[in-house]
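Student: Please take a close look at the surroundings of the ligand for me. Then place that part in the rest of the chain.

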Amino acid sequence: MSIAKSQVKLQALAALASLALLTPLLVAAALLWKLFCKLFCCSSPRSIVGDVAVVTGAGHGLGRAIALELADKGCHIAVVDINMTGAESTVKQIHERAKVRAKAYKADVSNYLELVELNSQVVSDLGPVTVLINNAGIMLHRNAVDPEPAEVQQMINVNLAAHFWTKMVFLPTMKTLRRGYLVSISSLAGLFPMPYNTTYSATKAGTTAHMRALRIELTLEKQRDIHVCTAMPTFLEANEDVVQLSHQIKIADLFPLISAQSAARRIVDGMLKGEREIMLPELSALLHRLITLMPVSWQDRSTILCTGSRFKQYIALRN
Ligand SMILES: NC(=O)c1ccc[n+]([C@@H]2O[C@H](COP(=O)([O-])OP(=O)(O)OC[C@H]3O[C@@H](n4cnc5c(N)ncnc54)[C@H](O)[C@@H]3O)[C@@H](O)[C@H]2O)c1
């Protein structure tokens, strides 16, 4: 047997042994930590009554559901979208169920100058912003296999770059007030690779990394009352194209679809409890930890094993 082959065998054995040893340890440690937090940590939700929240992409889907959830908690809401019909409809729904102020704003989150203008309008209409929900996102390219460069760039601008522009515009006020919440809607696709949607996977992984680094910055700056939370949901019952696709490729057999309302409730509750990352379904957090213990070649193979045929179907349908 060649040296290279026996090295591969040794590596595989070492990986198996560490998986067998570490899995029960990791599960036990995670359970103990949860128990410790439940018993000793103050995790009672904070009040946001009277706070002003900017929710991007709130004219539809998850953004609308989060806007409604925040309104139920007493927040005044700036409903931001490029689609004003959707944004106005969200404002109407907020006014029907909560006694808070809400207003629709047209702004493209990928345009820094529009966000600067948005901030001054919201401050003068509703007050200083202390809750920022970075939700607006694009999920699918028209051509999954061979997207146009402009489409790829647009997804990067909206899903990734925009989170830098909103941070630059809204975070300084939170820093001055020494309190606030910043929530970015990422996706499980940033952790579990999504073939033929590489731009999406990359933008969501980038957003998760962005928020992790920002959290450390704020800790170093002793901004203990600015909470940064990243939400990473699986497929949702929100965007119609994504719902249709998930049924066509039967992805719901692997990860059942979650309603936008229940995801929004979980995200807002987690945000108020100061949770740092929320993966939906919750079990995917453990699954991800276990998978990343494996060698990368195994991780690739298990993805192909579980999802390969579905994604072949996906490209057949999308092209
Ligand atoms: N739908 C899912 O299955 C799913 C799963 C995981 C994560 N997510 C993430 O959740 C977020 C919301 O997804 P959704 O399914 O509710 O989407 P959606 O398509 O239903 O709604 C997105 C909203 O964002 C708005 N928008 C798009 N580009 C914008 C821009 N440049 N500026 C301002 N507004 C803009 C749209 O007009 C729309 O109203 C996205 O970030 C998405 O990546 C969705």
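Tutor: Start with the whole chain. Of its 319 residues, 45% count as buried. Keep in mind that this is a predicted model. The protein chain has ten helices and nine strands. Its radius of gyration is 21 Å, and the globule rule gives 20 Å for 319 residues, so the chain is as compact as a globular protein of that length. Along the principal axes, the C-alpha atoms fill a box of roughly 75 × 50 × 30 Å.

Now the ligand. It is surrounded by 28 residues. The closest are H60, D81, N135, Y200 and L236. By class, this shell has 14 nonpolar residues, eleven polar ones and three charged ones.

Next, the polar contacts. In the side chain of H60, an N or O atom lies 2.5 Å from an oxygen atom of the ligand. H60 is also one of the closest residues of the shell. For Y200, the distance from a polar side-chain atom to a ligand oxygen is 2.6 Å. Y200, too, is listed among the closest residues. K204 adds another pair: an N or O atom of its side chain is 3.0 Å from an oxygen atom of the ligand. The cut-off for a polar contact is 3.5 Å between N or O atoms, so the H60 pair at 2.5 Å, the Y200 pair at 2.6 Å and the K204 pair at 3.0 Å each qualify. How much of the ligand does the protein bury? Alone, the ligand exposes 830 Å², and the protein buries 92% of that area. Two elements give two or more residues each to the shell: α2 (61–72) and α6 (198–220).

Follow the chain on either side of α6. Before it comes the loop between β5 and α6, where Y196 is found. Y196 has a positive phi of about 60 degrees, although it is not a glycine. Y196 is partly exposed, because its relative accessibility is 35%. After α6 comes the loop to β6 (226–233), which holds R224. R224 counts as exposed because its relative accessible area is 63%. From C-alpha to C-alpha, R224 is 9.7 Å from G180, and the two are 44 residues apart in sequence.

Two more backbone spots deserve a check. R178 sits in the loop between α5 (149–177) and β5 (180–185). Its phi is near 60 degrees, a positive value in a residue that is not glycine. At 43% relative accessibility, R178 is partly exposed. The other spot is the peptide bond joining L280 and P281, which is cis, with omega about 0 degrees. P281 belongs to the loop between β9 (277–280) and α9 (283–291).

Last, the cysteines. How many disulfides does the structure hold? The number is zero. Take C229 as a case. Its closest cysteine sulfur is in C75, 15 Å away, so the distance is too great for a bond. The cut-off for a disulfide is 2.5 Å between the sulfur atoms. C229 is buried, because its relative accessibility is 2%. C306 counts as partly exposed, because its value is 41%.

How values were computed
Residues are numbered from 1 along each chain as its sequence is written. This is a predicted model: local features need pLDDT of at least 70, side-chain atom pairs count only at pLDDT 80 or more; totals for chains, interfaces and linings use all residues. Side-chain values use heavy atoms; hydrogens and water are left out. A residue is near a molecule or strand if one of its heavy atoms lies within 4 Å of it. A polar contact is a pair of N or O atoms within 3.5 Å; within protein, one must be able to donate a hydrogen and the other to accept it, and residues adjacent in sequence count only if both atoms are side-chain atoms. Accessible areas come from the Shrake-Rupley method with a 1.4 Å probe; for residues, only the protein chains shown count as cover. Helices (H or I, at least four residues) and strands (E, at least two) are DSSP runs, numbered from the N terminus. Ala, Val, Leu, Ile, Met, Phe, Trp, Tyr, Cys and Pro count as nonpolar, Asp, Glu, Lys and Arg as charged, and the others, Gly among them, as polar. Buried means under 20% relative accessible area, exposed over 50%, partly exposed in between (1.4 Å probe, protein chains only). The radius of gyration is taken over C-alpha atoms; the globule rule is 2.2 Å times the number of residues to the power 0.38.
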